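Subject: Handing over the structure

Hello,

Here is the structure I promised to pass on. Please have a look at it first, and then read on for what I found.

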Amino acid sequence: MKLSDEGVPPLAFVQLLERRALDPDAAARLRAIMHREGTSEATLIQHDVQAPIRWFREVYPELDIAQATRLGFAFAEQAQLTSFGPLSSPLISAGSVAEIVNLLTYLPLISTALKSQFHTGDYGLIVGLTAHTGDSALDCLVITYGGSALLRLLDMLAGDISPVTLHLSWPEPTEVSHDKGPANRRFFDAPISFVHVPEDTLNKACRFSDPLAYRLAITDLQRTLAHRSGSMSSAEKVRQLLEKDLGQRTNHDVAQALSMSSSTLKRRLAEEGTTYSKVRQSLLYERAMLRLLDRSVSVSEIASELGYSDLANFSHAFKRWTGRSPRDFRNPRLSDDPDST
């Protein structure tokens, strides 16, 4: 088993097995895979090793987007306040919805399969969700699980948070239950996958607020995340730097920040099967779609923010990514409110 595999937090994975979220045959096959790869439920938890998401492709060889979505919803219904390792303590002690959502910043500590991006506007907070498993169905499983689990945890900690909604960027599959949980807060066919938290919900108080415990836990998370950066791949390090200043950093700037030459950075990224341009384009694509959801900002302003010299260049790049112009992307389906469908 490769420790670098994108995966599921170990305790959340073991809870899926023990709470019978999986049918008995699937659970048996997962345990057989663990045995084959020389590990076990106890070992995963003891060493805080993610359960590789690729295991689910082996267990469900015919997995498609519809089945992955249904599994993601079913798995999220098993999420507990104790499921997420080092994030569990700050999760329980958070004082507001905003503090809970802020914990998504530390997702890399518990799973490398899901990434989040934040954008705040007059309408509240949008959290873009992307997965990078290399398998479209597994991406949908990860995003569905992550977004739905967040809604479930918010319900547990802050009571009724019905204004918070999950938007998924693929068609709604058949046979999805709408009779329990946050089903009435799930919307499909969105331009991108995201969670919307209205502004007046961000400050809603949580039930078990403990400001001191939360501050101490966040300090520990920051320290752990900084330590983890030493073992990041070069691509992850480049992405992390670009996220701080996407519009201005060049290949040379990033190489300097990483204390290496441009040629060394190019070689290391090539060894990982990517390039500086691919990492940057992927992030530009995700950031552009997230920013375009905020209709209070003009397309020209977004183009400038992302480092494009003019609107035409940005529009050309966006159409290459999506097949649509930025203005076509801003269709009436979202109107001025990210909650509309």
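A word on burial before we start: a residue counts as buried under 20% relative accessible area, as exposed over 50%, and as partly exposed in between. By that scale Asp48, at 45% relative accessibility, is partly exposed. Asp48 is in the loop between helix H3 (41–46) and strand S2 (51–52), and its phi is near 50°, a positive value in a residue other than glycine. Most residues other than glycine have a negative phi. Asp189 also has a positive phi, near 60°. The loop that holds Asp189 runs between strand S6 (186–187) and strand S7 (194–198), and with a relative accessible area of 40% Asp189 is partly exposed.

Please keep in mind that this is a predicted model. The average pLDDT of the protein chain is 89, and 92% of the residues score at least 70. Over residues 334–341, though, the pLDDT is below 50; that stretch has 22 contacts in the model beyond near neighbours in sequence.

Now to the aromatic rings. A pair of rings is described by the distance of the centres and the angle of the planes. The count comes to nine aromatic pairs. One of them is Phe13 with Phe56, an edge-to-face pair with 6.2 Å centre to centre and 90° between the planes. This pair links distant parts of the chain, as Phe13 sits in helix H1 (residues 10–18) and Phe56 in helix H4 (residues 54–59), 43 residues apart. Phe13 and Phe56 are both buried.

Why does the pair of Tyr308 and Phe314 count as tilted? The ring planes meet at 55°, with the centres 5.4 Å apart; planes under 30 degrees apart would count as stacked and over 60 as edge-to-face, so what falls between is tilted. Tyr308 and Phe314 are buried. They also belong to one aromatic cluster, together with Tyr285, Phe318, Trp321 and Phe329.

Helix H1 is worth a second visit, this time for Gln15. Is Gln15 buried or exposed? Its relative accessibility is 9%, so Gln15 counts as buried. Leaving aside residues up to four places away in sequence, Gln15 touches Gln78, Gln80, Thr82 and Ser83. With Ser83 there is a polar contact between the side chains, at 2.4 Å. The C-alpha atoms of Gln15 and Phe75 are 9.5 Å apart in space, while the two residues are 60 apart in sequence.

Phe75 leads on to helix H5 (residues 65–76). The twelve residues of H5 should span 16 Å at 1.5 Å a residue, and the end C-alpha atoms are 16 Å apart, which agrees. At the start of H5, a side-chain oxygen of Asp64 comes to within 3.3 Å of the backbone nitrogen of Ala66. Buried in H5 are Ala68, Thr69, Leu71, Gly72, Phe73, Phe75 and Ala76. Their cover includes H1, H4, helix H8 (136–158), strand S5 (165–167) and S6. Phe73 has a charged partner as well: Arg186 lies over the face of the ring, at 3.7 Å from its centre.

The last stop is helix H14 (residues 276–292). H14 has 17 residues and reaches 24 Å from its first C-alpha to its last, close to the 24 Å expected at 1.5 Å a residue. How much of H14 is covered? H14 is mostly covered, with twelve of its 17 residues buried. Hydrophobic-looking names and charged ones both appear in that list if you read it through: among the buried residues are Val279, Leu283, Leu284 and Met289, and also Arg280, Glu286, Arg287 and Arg291.

Glu286 deserves a few words of its own within H14. Its relative accessibility is 8%, so Glu286 counts as buried. The side chain of Glu286 makes a polar contact of 2.6 Å with the side chain of Arg239. Arg239 is also among the residues that Glu286 touches, along with Gln117, Thr130 and His132, not counting residues up to four places away in sequence.

Happy to look at any of this together once you have had the model open for a while.

Best wishes

Key: Residues are numbered from 1 along each chain as its sequence is written. This is a predicted model: local features need pLDDT of at least 70, side-chain atom pairs count only at pLDDT 80 or more; totals for chains, interfaces and linings use all residues. Side-chain values use heavy atoms; hydrogens and water are left out. pLDDT is the predictor's confidence in each residue, from 0 to 100. Contact means heavy atoms within 4.5 Å. Rings of Phe, Tyr and Trp (its six-membered ring) pair if their centres lie within 6.5 Å; planes under 30 degrees apart count as stacked, over 60 as edge-to-face and the rest as tilted. Helices (H or I, at least four residues) and strands (E, at least two) are DSSP runs, numbered from the N terminus. Buried means under 20% relative accessible area, exposed over 50%, partly exposed in between (1.4 Å probe, protein chains only). A charge sits over a ring if NZ of Lys or CZ of Arg is within 6 Å of the ring centre and within 35 degrees of the ring normal. A polar contact is a pair of N or O atoms within 3.5 Å; within protein, one must be able to donate a hydrogen and the other to accept it, and residues adjacent in sequence count only if both atoms are side-chain atoms. The expected span of a helix is 1.5 Å times one less than its number of residues.
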